[in-house]
Structures are given as structure tokens and as C-alpha cells.
Amino acid sequence: MWPITLAYKEFRQLLPIQIVGLILVLLTIFGMCGINILAISGNSSTTEIPFYNDTTAQFLPAIGALLAGITGYWQTISESMRGTWLFLWHRPIARSRMTLVKLSSGLGLIWCVTVFPMLLYALWAGSQGSIAAPFLWENTLMYWKSCFGLSMIYLSCYLSGLRRARWYGTRLLPVLMAISAFLLTTTTEYYAGLSLLLILTVDVILIAAIFTQCHLEDFS
């Protein structure tokens, strides 16, 4: 039962962050559907081709990257501020298993916020009469690739928050590496296979570094 308890703890701590991210994503989607909830402008017509515009190629991935970074940092820095690392690590549970639950909880929430709303948007765009243009599911590849690439941002920020190095030193190196890889894989619609391979490679390196740091750090 301890994985459920720990996952529930992570869910409660991360829920406010995820709600803010979900609101931003939903407001953007409603705007692309022609529904201007905030009434910032009087024009509520859909003028962009779904998934083939700057909003889904740049703006929403930027929101996702910000959400992933804040989530990764909050899962680690909040434990340090409350002094709960020692309590967690002295449970009769392996650190690697506990870390796996924390990472799964964080990534799961991030992908729920960024994937499911856009999947509903894709279904809306593919329905008859929604847009005055043909909808191709191939156009969604860029967005799904960026969603998958959010794992690099999240894991790098988790590792950065876990380390005890100086902020202006090597502590930010994983984040800079992940941001560079994220931009490299999400700014082109070509080489999808190579992009996914790069994302997986960076993820494996970051996960290995996180597990290693968990065993080496005393968290005192």
C-alpha cells in the first residue's frame, strides 16, 4: 500500500501546480476552438489550422516545459525545505523504489495535463464541420513529440533540485543539457525517429544520475 500512499502525497502537493497548468492549456485550447472565455477580444473565430500553427508548436510546449520544470523542482526542494527527506529515506523501503514512485507520479500528472486536453482538441478538430480545412492526424506528431520530450525537462529539474551543488555551478548543467535537447527535438518536424531516440537516451542518463544521487546523498 505504500506506493499508493506516496503517490497520493505527491498528488496533493503537486495538485495546485497542475491546476494552474491545466487552466492555461484549456484557455489556449478554447481560444483555438473560437471560444474566448476571457473576452479579451471580440473575435472568436478559428483561423489557425489545428496542430499546424505557432500555438501548438511553440506556445503550448513552452507551457508544458515550464510546468515540467516547476514540478521537478517542487518535488525535491519542498522535501528539503520541510526536512522530510530523512523521514522518507528511513522507511523500510529501498530508495530506488521510492524515487521511482515519485518520478512516475510527477511525469504522470504532467502528461495528463498536456496530453488529454489536446487529445480532446484533436477529436474536435477531426469532427465534421469544426474547421474549414482538412484535418490530418499526421499534423499532431510535432505536439506529441514535444509532450514526450517534457520528460527531459522534468527529470533534469528533479536532478538539479536533488543535488547539493551551487546553483551557479554544476547544479544547473543537467537543466541546460535538457533544454538544449528539448529545443533540438521539438523545433523540427523531421527525423522523428532520431528525436525519440535522443529523448530516450537523455532520459536514461538523467534517471541513472537521479538514482545515483539518491544513494550518494546523505540529505542531512
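Which residues does Ile-210 touch, not counting residues up to four places away in sequence? They are Thr-99, Leu-103, Leu-155, Tyr-158, Leu-159 and Leu-162. The model is predicted. Its protein chain has seven helices and zero strands, and the sections below cover the fold, the interior, the surface and one residue of helix α1.

**Fold and dimensions**

- Along the sequence, the elements of the protein chain run α-α-α-α-α-α-α.
- The radius of gyration is 19 Å, close to the 17 Å that the globule rule gives for 220 residues, so the protein chain is as compact as a globular protein of that length.
- Taken along the principal axes, a box of roughly 60 × 35 × 35 Å holds the C-alpha atoms of the protein chain.
- Among contacts in the protein chain with a separation of 6 or more, 79% are between residues 24 or more positions apart.

**Interior**

- Buried residues make up 44% of the 220 residues of the protein chain.
- The largest nonpolar core has 31 residues, and those touching the most other members are Met-152, Ile-153, Tyr-154, Tyr-158 and Ile-210.
- Two or more residues of this core come from each of α2 (54–82), α3 (85–89), α4 (95–126), α5 (141–162), α6 (173–186) and α7 (192–216).
- The element that gives the most to this core is α5, with nine residues.
- A second core, separate from the largest one, has 20 residues. Leu-14, Cys-33, Phe-51 and Tyr-121 are among them.

**Surface and charge**

- The protein chain has an accessible surface of about 11700 Å². Carbon and sulfur atoms account for 71% of that surface.
- The protein chain carries 12 positive and 9 negative charges, and the mean positions of the two sets lie 16 Å apart.

**Val-20 in helix α1**

- Val-20 sits in helix α1, which covers residues 2–32.
- The relative accessible area of Val-20 is 48%, which means that Val-20 is partly exposed, as this class lies between the cut-offs of 20% for buried and 50% for exposed.
- Val-20 and Phe-87 are 67 residues apart along the chain, and 29 Å separates their C-alpha atoms.

Conventions. Residues numbered from 1 in each chain as written. Predicted model: local features only at pLDDT ≥ 70, side-chain atom pairs only at ≥ 80, totals over all residues. Heavy atoms only, no water. Helix = DSSP H or I, 4+ residues; strand = E, 2+ residues; numbered from the N terminus. Rg over C-alpha atoms; globule rule 2.2 N^0.38 Å. Buried < 20%, exposed > 50% of the residue type's maximum accessible area, 1.4 Å probe, protein only. Contact = heavy atoms within 4.5 Å. Areas by Shrake-Rupley, 256 points an atom, 1.4 Å probe, with all protein chains shown as cover. Lys, Arg positive; Asp, Glu negative; His and termini not counted. Charge placed at Lys NZ, Arg CZ, Asp CG, Glu CD. Core = buried A, V, L, I, M, F, W, Y, C linked by side-chain atoms within 4.5 Å.
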